[in-house]
Amino acid sequence: MDTTQGKTFKMIAKTMFGLEEVLAKELEAIGAENIEILRRAVSFEGDMVLLYRANYCLRTALSILKPIAVFEANNEHQLYQNVYQIKWERYMNCDAKIFIDNSVNSTIFTHSLYASQKTKDAICDRFRKMFNCRPMVSKEDYDIKLNLHIYENMVTISLDASGESLHKRNYRKNNGQAPLNEVTAAGLIQLSGWEKDCNFFDPMCGSGTLLIEAAMYAYNIPAQYYRRRFAFTKWFDFSLPEWKRVQEEENKKICDFDYLIWGSDVSQSAINEAKENINFAKLHKDIELFRCPVEEQMPPEGKTLVITNPPYGERIEVEDIIALYERIGTAFKSKYEGNVAWVISSDLFALKKIGLKPSKKLTIYNSNLECRFCRFDLYHGSKKASKQKTDNIEL
């Protein structure tokens, strides 16, 4: 592996569909160059220090990849030969444990696991021939994680700098029921346009992911502040002093926040789970929790941004989901006047039952569910909007 610190190279940051532009802005803010938006990813250039900073700071990235080989392969033999020719001894020892992640969309390579197997065989055969030993494959306790990306006959092999997905922030003590992905939550907050200039409220907070991500964003706590393991720490050219310097620089940017962050939920078990996660993240002094139905809980006094992720009826069963969304609409119209509320849901029919016309609609994926992220401007007089036929609201 090239050990020249300061040398720039291309990287890929993977993300969720709909968050590409948010991620591009985050990359620009940390000094990335030649940024290009792709599908569910953003390419950029920087040095090893930027690679460390990207892993530590980016809220909407799932992983950071460093491509090391790009080639054409029109059959399995060509795939094997091209992988074999890569000087793998620059990246790992022969006794290293490796894991190969894959993303294959090809009419040539129709079985992704088989493509991964051929890649593994080529790596091991090179080591066996050169050093009479070979790396082992381990899905959990690996030293080097590789990413194999094939689109038709174009193959890209990358080192995965992150290891486990970056949505695993390591602040979650309790997952709760159908928790919102941390990267998705961070993306929703940034898509809302929140400038940390008002209160934040989630009236159906579940296990508290939106609340914790909002607090980390408000206080400028780095996205991976609670995380300890990154795959790049086992690379040959890893610099511990540079990595510590990045962490120290970013931690010094943690600041105060002058407004309130509130969450409520009708479920006591959800409140207990949220409290566990918030305490584990040491944010218990910064987030207030209430047990209350959505139609009864008042938001904080003063200007407040509301973002919530109600049940969709997909992973959490709701006795009457239409009635729930109608209650959400009633609460918005009667208690939230003068504020802005955002709701994410995959149930477009139920969303209409809120009874307000969204001023903005964005398509976002929550896990594998296609959702709408809708903004409702709750001006004084929003009650009048409830008289319109909800079936005519376009989502």
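N55 lies in helix α2 of this predicted model. Because its relative accessibility is 0%, below the 20% limit for a buried residue, N55 counts as buried. Apart from neighbours within four places in sequence, the contacts of N55 are I64, A161, S162, L166, Q224, F230 and F232. Helix α2 itself spans residues 48-57 and lies across strands β1, β3 and β4, running at about 10° to β1.

**The sheet of 8 strands**

The strands β1, β3 and β4 belong to an open sheet of 8 strands, arranged in the order β2-β3-β1-β4-β8-β7-β5-β6 with mixed pairing. The edges are formed by β2 and β6 (136-137), each of which pairs on one side only.

Strands of a sheet pair through backbone hydrogen bonds, in either the parallel or the antiparallel sense. The table lists pairings for which a bridge partner can be named, including one from the sheet of 7 strands described further below.

| Strand pair | Sense | Bridges | A bridge pair |
|---|---|---|---|
| β1 (residues 9-14) and β3 | antiparallel | 6 bridges | F9 and G46 |
| β2 (residues 33-37) and β3 | antiparallel | 3 bridges | E33 and E45 |
| β1 and β4 (residues 63-72) | antiparallel | 3 bridges | I12 and L65 |
| β9 (residues 199-202) and β10 (residues 261-265) | parallel | 3 bridges | F201 and W262 |

Strand β3 covers residues 41-46, and 5 of its 6 residues are buried, so this strand is largely enclosed by the rest of the structure. On one side β3 pairs with β1 over 6 bridges, and β3 is also joined to β2 by 3 bridges. The connection between β2 and β3 is a hairpin with 3 residues between the strands. Within that turn, R40 has a positive phi of about 60°.

Helix α4 also packs on this sheet, where it touches β5 (97-105), β6, β7 (144-151) and β8 (154-160). The direction of α4 makes about 140° with that of β5.

**The packing of α3 against α4**

Which helix packs with α4 at an angle of about 40°? The partner is helix α3 (residues 76-85), whose axis lies 8 Å from that of α4 (residues 112-131). An angle between 35 and 65 degrees is neither roughly parallel nor roughly perpendicular, and α3 and α4 are therefore oblique to each other. The crossing of α3 past α4 is right-handed.

On the α3 side, the contact is made by E76, L79, Y80, V83, Y84 and Q85. These meet Y114, A115, K118, T119, D121, A122, I123, D125, R126 and K129 in α4. By class, this contact contains 8 nonpolar, 2 polar and 6 charged residues.

**Two loop residues with positive phi**

Most residues other than glycine have a negative phi. Two loop residues of the model may be set beside that rule.

N132 is not a glycine, yet has a positive phi of about 60°. This residue is found in the loop between α4 and β6. N132 is exposed, because its relative accessible area of 68% is over the 50% limit.

E152 likewise has a positive phi, near 55°, in a residue other than glycine. Its place is in the loop between β7 and β8. With 28% relative accessibility, a value between the limits of 20% and 50%, E152 counts as partly exposed.

**The sheet of 7 strands**

A further open sheet has 7 strands in the order β11-β10-β9-β12-β13-β15-β14, and its pairing is mixed. β11 (288-291) and β14 (360-366) stand at the edges; each has a single partner strand, so one side of each is left without a neighbour in the sheet. On average, and with direction ignored, neighbouring strands of this sheet are turned by 20° against each other.

Within this sheet, β9 and β10 run parallel and are joined by 3 bridges. F201 has W262 in β10 as its bridge partner. Helix α8 (residues 268-280) lies across β10 and β11, and runs at about 170° to β11. Helix α9 (residues 321-335) packs on the sheet as well, touching β12 (304-308), β13 (339-345) and β15 (369-378). The direction of α9 makes about 170° with that of β13.

Note on methods: Residues are numbered from 1 along each chain as its sequence is written. This is a predicted model: local features need pLDDT of at least 70, side-chain atom pairs count only at pLDDT 80 or more; totals for chains, interfaces and linings use all residues. Side-chain values use heavy atoms; hydrogens and water are left out. Axes are lines fitted to C-alpha atoms, for helices over the stretch in contact, and angles run from 0 to 180 degrees between N-to-C directions. Helices (H or I, at least four residues) and strands (E, at least two) are DSSP runs, numbered from the N terminus. Angles under 35 degrees count as roughly parallel, over 145 as roughly antiparallel, 65 to 115 as roughly perpendicular and the rest as oblique. A crossing is left-handed if the near helix is turned anticlockwise from the far one by less than a right angle, and right-handed if clockwise. Contact means heavy atoms within 4.5 Å. Ala, Val, Leu, Ile, Met, Phe, Trp, Tyr, Cys and Pro count as nonpolar, Asp, Glu, Lys and Arg as charged, and the others, Gly among them, as polar. Buried means under 20% relative accessible area, exposed over 50%, partly exposed in between (1.4 Å probe, protein chains only). Two strands pair if DSSP finds at least two bridges between them.
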